[in-house]
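I opened a new notebook page for this structure. These are my entries, in the order in which I looked things up.

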Amino acid sequence: MLSKVLSYGLCGIDGFLVTIETDMVGGIPHIDMVGLGDTAVKESKDRVKSAIRNSGFQFPIKHFTINLAPADTKKEGPHYELGMAIGILSASEQIINKKYKDFIFIGELSLDGTIKKVKGVLPILISARSAGFKKVIIPSDNCEEAKFIDGMEIYAVSNLLQTVKFLNEEITLSKLETRSFEDVSKQNTNKLDFENVKGQAMAKRALEIAAAGGHNVLMIGPPGSGKSMLAKCFSGILPDLTFEEALQVTKIHSIAGELDLKKGIITERPFRTPHTTATVVSMTGGGNHSKPGEISLAHNGVLFLDEFPEYSRNLIETLRQPLEDGTITVARANQTVTYPSSFTLIASMNPCPCGNYGAKDRECRCTPAQIHKYLSKISGPIMDRIDIHVEVDNISYQDLNNETNEENSESIKTRVDKARNIQLNRFKNTKTFSNAKMSVPQMKKYCKLSKECQELMENAFSRLKLSARAHDRILRVARTIADLEGEIDILPRHIFEAISYRGLDRKYWD
Amino acid sequence: MKEIEKLLVLFSICEIANKKQEIIAEQIGDLSVEQALNNKVILENLSTEEYQKVVKNYNKQSFDSMLNNMENSGIEIVTIFSDKYPKILKELDDRPLILYAKGDLSLCDQKCFAIVGTRSPTNYGRIITERFAKNLAQCGLVIVSGLCYGIDAIAHKATIDAGGKTIAVIASGFNNIYPASNTNLADEISEKGLILSEYPPSFKAKPYTFPRRNRIVAGLSDGILIPEAGLKSGTVYTKDYALDYGKDVFAVPGNIDSKTSELTNQLIRYGHAECTLSSDDIIDFYGLNKISKEKKMQLVSLDEQTIINLLENGQQDFDFLHENSKIPVNILNSCLTTMEIRGLIRKLPGKMFALI
């Protein structure tokens, strides 16, 4: 007997249809598994065999050939096992009802027949829905992430016996109820608030602009000046994730197996802080299975690189493509995968190897050549992609104990949201979402300068010895500052403020 | 070019000591280079190794083409036998016999004044160097320095910004500017001022060439100003040369705890240097015409006036200005940038601001 069961595989963040064909013939009892499966797939046959027996079914003493079609695509992971078990049971006519043909089966089997959670359910469901499939059976442990998919009949099952009974219409299961994203996202709790950060007015303002326009930020300051603290507060003033964004983020986390299964969907913008010893592959993604790396996990969120120059040069250079395109393409012998990686980069660094260059209360012991070498670890092209440089310095003890109330993240966020809405309107029907990602034609259109502004800009360039690459960055930041104020035109004061965030282009570091 | 001058170029390439050059140049008379190389004056005065080096380096054809190349890249060779040789250097007993120059040589004959100091200045040093250089340059002094990191570079830049003239004396050849990060500055100076070196273009700076360079800095100038320098600074040499040559030495007092003000404070204590509190002290000393105060005054807004008042007692950081001026961050930020563009204040590392 021959049976065909549908399942789904994963390639990058997209799913593809896999047909599990099971053929049962007489001969020496054996299971042949074909269709370019990896070790986990090859080992599935033993789990499937035990699970079928331990669920009270018969495992026929026959020769089975199981084919995973399409045969030319590599398949990974144990989530085809439920489909295989259904295939064997229907080939051996233990499932009589033909209803199973409409379903997509996803699940890993335990030897006792329990169905275990798998990675990547959300991306599979999204792909299946857009391919027009309606009915899916998934492990009950994965049900939370599936609840955000509407327009599909999704059933969550916990063991093989239950599944077969359901397919044979001996029992009924109710399909998963959908949940609304708004309910879940309201539960967001932000741990760090800007009201806990004393002083640092300039850095806070810079981060507000960065959040409003999606600009990358470099913070420069001596050790212990609160750079990391500021960065951690940053995700609290970013606009809330929209449902579409949340799905993208959840997809990537689901594939990487980093999803909180109880919550099911990620409602807060990711904040990733890879260590300075991180390897290039761990950042970009890759490995045998082309898993997403840190920069993809930071998609729609923040990538915080503390002590920026301490990362390997190679690693810093790999950030170029994602910072420009918002995607990263990982090419491996097996497959080439493109992951989204549109994040806000927050980098922090000391101004010199000892860290005290320019500090008020401590003396720098570095030679000028050392300082120069340290600063030049960050290459020009990377610098080119960071819009805002801001200096952070230690705050005095008096400031630390100052009782004055600092503005809280909530009210900063209100302003950020307003500015973001202006941008969303501006870039309607384009692929751009924020000022930071404006293309050159868009800049020409939206960053028009009055004659007065142009003259001021020219004057500023010659007086402050700004480099040419600063020009576009200044315009983009000025656009965001104008948006924060709700101004339609860029005014001189916006430009001047934007210029003040180009510290490293300036020559005073010599 | 005279044959004797060619010989001096050859000597400078072979790193023959200045004193030996002087003796040979005095005695050799007008001989062609080939003849000179066989003359007993040279044989007597150079060691065997030095002589072999000179002979090995001399090949008439390649030597002439090298001279041509130098000329094409804008390098002028001035020897003690040339009319263009700076008169003020001629009187020194340790004068360089040969100078390579890029830029306007006539600057050497104007009133020159050196500003030298530490390579790693504090913000205090930065701001006073800039202020002094700017004011002195505007009074018509040619500012001389060594194109090094720190005070040197700031002095050069401030002079150029103020539209003044500057001379950089470097401790290396033109093709190996030290530090390399000042190469752009060097280009700018060669266009708008003058760069001098006693070393051939391909010469790389060596530890001993820096003090040697300092004697030219001191020699060219009527006086030297030390805004900030520590006891281990190379500025010590410049100061010693300046005192030897009978030049005026000015020093700006600094914080007694600051390592980078140890030299200046000591100079003042032992009376080796004039205690200098403002550029007017130097301007008065030389009897120069002061630029009128009114010219400095510019129209300022209310916010800008508040900031100026806050900065009157010295440099302050951004947070201090923010707290005490009560100006919102965004306005304050743009205000400070405008003021900097207009040359009222200067931004320093560590988000510090100071009046120029």
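Before the first entry I note a definition: I take two residues to be in contact if their C-beta atoms, placed from the backbone, lie within 7 Å. I also note that this is a predicted model.

**Entry: a covered helix in chain B**

I looked up helix α9 of chain B, residues 151-161, and found 10 of its 11 residues buried. The buried ones are I151(B), D152(B), A153(B), I154(B), A155(B), H156(B), K157(B), A158(B), T159(B) and I160(B). What do the buried residues of α9(B) pack against? I listed two helices by name, α8 (123-138) and α10 (183-192), and the strands β3 (112-115), β4 (142-145) and β5 (166-169), each in chain B. After α9(B) comes G163(B), and I read a positive phi there, near 80°.

**Entry: nonpolar cores**

I then turned to the largest nonpolar core, which has 139 residues. Which members touch the most other members? They are A85(A), I106(A), A206(A) and V217(A). I followed V217(A) further, leaving aside its neighbours within four places in sequence. Its contacts are A206(A), L207(A), A210(A), I346(A), I386(A), I388(A) and V390(A). A second core, separate and of 80 residues, includes A158(B), V217(B), F250(B) and L263(B). I had already met A158(B) among the buried residues of α9(B).

**Entry: where the chains touch**

I counted 29 residues of chain A and 26 residues of chain B in the contact. On the side of chain B that touches chain A, the elements giving two or more residues are α17 (318-325), α18 (329-341) and β11 (345-348) of chain B. Which of them gives the largest share? It is α18(B), with 10 residues. Sorted by class, this side of chain B has 10 nonpolar, 10 polar and six charged residues.

**Entry: a helix pair in chain A**

I looked at α19 (residues 451-464) and α21 (residues 492-499) of chain A, which pack at an angle of about 25° with their axes 10 Å apart. Angles under 35 degrees count as roughly parallel, so α19(A) is roughly parallel to α21(A). I noted the crossing of α19(A) and α21(A) as right-handed. From α19(A), the residues E452(A), C453(A), L456(A), M457(A), A460(A) and L464(A) meet P492(A), I495(A) and I499(A) of α21(A). By class, this contact has eight nonpolar residues, no polar ones and one charged.

**Entry: backbone exceptions**

Most residues other than glycine have a negative phi, and most peptide bonds are trans. I looked for departures from this.

The peptide bond from A69(A) to P70(A) is cis, with omega near 0°. P70(A) is in the loop between β4 (63-69) and α2 (81-91) of chain A. In chain B, Y178(B) and P179(B) are joined by a cis peptide bond with omega about -10°. I placed P179(B) in the loop between β5 and α10 of chain B.

E169(A) is not a glycine, yet its phi is positive, near 60°. Its loop runs between α5 (160-167) and α6 (181-185) of chain A. Q200(A), also not a glycine, has a positive phi of about 55°, and lies in the loop between α6 and α7 (201-213) of chain A.

Are these two buried or exposed? E169(A) counts as exposed because it has 10 C-beta neighbours inside 10 Å. Q200(A) has 27 other C-beta atoms within 10 Å, so it is buried.

Definitions and conventions. Residues are numbered from 1 along each chain as its sequence is written. Chains are lettered from A and ligands numbered from 1 in the order in which they are written. This is a predicted model: local features need pLDDT of at least 70, side-chain atom pairs count only at pLDDT 80 or more; totals for chains, interfaces and linings use all residues. A nonpolar core is a set of buried Ala, Val, Leu, Ile, Met, Phe, Trp, Tyr and Cys residues joined through C-beta atoms within 7 Å. A residue is buried if 20 or more other C-beta atoms lie within 10 Å of its own, exposed if 12 or fewer, and partly exposed in between; C-beta atoms are placed from the backbone. Helices (H or I, at least four residues) and strands (E, at least two) are DSSP runs, numbered from the N terminus. Ala, Val, Leu, Ile, Met, Phe, Trp, Tyr, Cys and Pro count as nonpolar, Asp, Glu, Lys and Arg as charged, and the others, Gly among them, as polar. Axes are lines fitted to C-alpha atoms, for helices over the stretch in contact, and angles run from 0 to 180 degrees between N-to-C directions. Angles under 35 degrees count as roughly parallel, over 145 as roughly antiparallel, 65 to 115 as roughly perpendicular and the rest as oblique. A crossing is left-handed if the near helix is turned anticlockwise from the far one by less than a right angle, and right-handed if clockwise.
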